[in-house]
Amino acid sequence: MNPVKVILTLIPFVWTIGMLPFVNTVKPIVFGLPFLAFWLCCTIPIAFICLSILYRMDSKNGQDS
Amino acid sequence: MSNETMALAIIFAFVIGTTIVGMIPGMNKKMSLEEWAVGGRSFGRWLNWFILAGEIYTAFAFLGGSGWAYARGGPTFYILGYGALAYIVGYYVLPAISPIGRKHGLMTQPDLVEHMYDSKWLGVLTAVVGVAFLLPYLQLQLTGLGLIIETCSYGLIPRVPAMLIAFTMVAAFVYLSGLKGVASTAVIKDVVMIVAVVFFGLWLPIHFFGSVGGMFEALDAAKPGFLALPGGTKTLDVSWAMSTLVLTSLGFYMWPHFSANSFSAKNPDVLRHNAIYLPLYQICLIFPMLIGFTALLVLTPALKVPDMAFMTIVQKVFPGWALGLVGGAGALACMIPAADLILSTSMLFTRNVYGRTIGQGSSHETQAKLAKALVLILTAVALALAIYAPSMLVNLLLTGYSGVTQFFPMIVLGLFWKRATKIGAYSGLIVGEFLVFYLVLNKLDPFAIAGLHLNAGFVALVCNFIVFTVVSLVTSTPATIDRKAKALG
């Protein structure tokens, strides 16, 4: 398996689950959100970016042909 | 018009209007069982996206998210994370399922299990377990709808009659539309729901505290630590959140009704493409939480039913017509997913339990009749559960998750691992489900071990996974590997 794809797949999991013990705090409040909520919200754009790149790589390789 | 008449009139207008829209796709021709339940495998990109999104944003997102924020605080934030992770899992799993389904005419999750392991009874077991855990999810939708009707009548309609009205609305909607109706009305539901949650989620904190940040500052000052883990609870700490995130992100696509959708996609690319954009929708889940937190600061006395936080604060602050609009959006958020759940559950039972056991060789007409009769029976069972065994909406969801996630080793390893065997699948599934029942019924969820508080479903999943792998390794032979490779080809 392509190592770039493995990394792209793992980043959101590490961000959301792996980092959880280090981000469990209310302050600082970022964009009006408690820090924990802000951190977990970031999962959404991160997953979107990682999936977009994965999709591009897979389409180029002609996965569906 | 009085507030309650106004609110209820608007809700019923929403429901009736949507039901009529839902009837349109099925009007021109008589639908076959396959068309009624899998939508004739013809859904393109956007329709498929809406039907997936439509199922995700349910009564739980609308009322349960705000209810948990109100009652528990910090632990609620797990909801923001799991969906995005689940789509990454789905990005790999769904496109692997879809071509097998198309090639071998599979329509349901038990069909897939039966096909992969060449075992009729493993399929039947999967169907029975699936039906058992879809019921709490269905109960969640009916409870939500009941709460909405109760609040919008300003207490004039008590809980039980409110549930009966909810039951009638849902059953009528299912009979009149079918899956195509669910898909086309999901669009309406998503739009009204997003408008409602974004508007109230921003307006309420700004109205009372000047800004969203101001509201959180006030809450942090009033209840220090409430907005981090474990928040207002003792046991829902970091280890609970981590184990719950693993469980829910793996379990997301193990819900039987989600597999039905991967069978209804035109090709694997539709599913992969959907996976990219679905996480973005997830951001809407924060708005109900903002409402729940504002309600906690603003509403006195404290609510007996935290799941009513959203509706109650709107009722206190706004006139009846606004409550009616929220109630209407909420009613659709409960009714449309409920309809989809009922269709999937009745399909599972008819095709994979009845059709494979006592009803073997029964005609399509008989099965279609049974599927339609089951709609009523299933809704009635969920209604009885909602009245006699009420529970907070998020708890219902987590119980269902613990149960369906036990399919994960069997289905996903079954798709990607040649040595997975039938006996391994049986052993893992039985161990996993037994542990889920045992831990949940004995109130051992979360499960305390070595200072950690793990989600019971996660504990069961780990044991399930180990048993599945070890037994598969021991029982696999060149013959089983060969058969497996053919089934997946």
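Is B:Arg159 buried, partly exposed or exposed, and what is the relative accessibility behind that assignment? In this predicted model, B:Arg159 counts as partly exposed because its relative accessibility is 29%, and its side chain forms a salt bridge with B:Glu150, the closest N and O atoms being 2.5 Å apart. B:Glu150, by contrast, is buried, since its relative accessible area is 15%, which falls under the 20% cut-off applied to buried residues.

The search for such pairs extended to the whole structure, where 7 salt bridges are found over all chains. One of them joins B:Arg351 to B:Asp111, with 2.7 Å between the closest N and O atoms. The two partners come from distant parts of the chain, B:Arg351 belonging to helix H16 (residues 320–354) of chain B and B:Asp111 to helix H6 (residues 109–117) of chain B, at a separation of 240 residues. B:Arg351 is assigned as partly exposed because its relative accessibility is 22%, whereas B:Asp111, at 8% relative accessibility, counts as buried.

A further salt bridge is formed where the side chains of B:Glu114 and B:Arg356 meet, at a distance of 2.5 Å from N to O. Because B:Glu114 lies in helix H6 of chain B and B:Arg356 in the loop between H16 and helix H17 (364–388) of chain B, this pair ties together parts that are 242 residues apart in sequence. The acidic partner, B:Glu114, is buried, with a relative accessible area of 16%, while B:Arg356 is partly exposed, with a relative accessible area of 24%.

Salt bridges also occur between the chains, and across the interface of chain A and chain B the rule finds 2 of them. In one of the salt bridges of the model, A:Lys27 is paired with B:Asp220, the closest N and O atoms lying 3.9 Å apart, and a network of salt bridges links A:Lys27, B:Glu217 and B:Asp220. In addition, 7 residue pairs in polar contact, both residues at pLDDT 80 or more, are found across the interface of chain A and chain B. On the side of chain A that touches chain B, the elements giving two or more residues are helix H1 (3–18), helix H2 (20–23) and helix H3 (35–60) of chain A. Of the residues on this side, H3(A) gives the most, with 13.

Taken over the whole interface, 32 residues of chain A are in contact with 40 residues of chain B. The two chains bury about 3200 Å² between them, and 78% of this area is on carbon and sulfur atoms. Within chain A, the residues that lose the most area to chain B are A:Ile44, A:Leu51 and A:Tyr55, which together account for 21% of what that side buries.

For chain A, an unreviewed UniProt entry carries the annotation "transmembrane region" for residues 7–23 and 29–55. In the model, residues 7–23 of chain A are 94% helix and 0% strand, and the end C-alpha atoms of this span lie 22 Å apart. Residues 29–55 of chain A are 78% helix and 0% strand, with 34 Å between the end C-alpha atoms.

In chain B, helix H21 (residues 456–475) comprises 20 residues and reaches 28 Å from its first C-alpha to its last, close to the 28 Å expected at 1.5 Å a residue. The N-terminal end of H21(B) is capped by B:Asn455, a side-chain oxygen of which lies 2.9 Å from the backbone nitrogen of B:Gly457. The buried residues of H21(B) include B:Ala456, B:Gly457, B:Phe458, B:Val459, B:Ala460 and B:Leu461, and also B:Asn464, B:Phe468 and B:Ser472. An α-helix has 3.6 residues a turn, so residues three or four places apart point the same way.

Two further buried positions of chain B were examined individually. B:Thr312 is found in helix H15 (residues 309–317) of chain B and counts as buried at 8% relative accessibility. The side chain of B:Thr312 reaches the backbone oxygen of B:Met308 at 2.5 Å, and, when neighbours within four places in sequence are left aside, B:Thr312 is in contact with B:Thr151, B:Leu299 and B:Leu303. B:Ala69 is located in helix H4 (residues 59–72) of chain B and is buried, its relative accessibility being 0%. Not counting residues up to four places away in sequence, B:Ala69 touches B:Thr76, B:Phe226, B:Met289, B:Gly292 and B:Phe293.

How values were computed. Residues numbered from 1 in each chain as written. Chains lettered and ligands numbered in written order. Predicted model: local features only at pLDDT ≥ 70, side-chain atom pairs only at ≥ 80, totals over all residues. Heavy atoms only, no water. Helix = DSSP H or I, 4+ residues; strand = E, 2+ residues; numbered from the N terminus. Expected span 1.5 Å × (residues − 1). Buried < 20%, exposed > 50% of the residue type's maximum accessible area, 1.4 Å probe, protein only. Polar contact = N/O pair within 3.5 Å; in protein donor to acceptor, adjacent residues only side chain to side chain. UniProt positions renumbered as here; feature names shortened; annotations may be inferred. Contact = heavy atoms within 4.5 Å. Buried area = accessible area lost by both parts, 1.4 Å probe. Salt bridge = Lys/Arg side-chain N within 4 Å of Asp/Glu carboxyl O.
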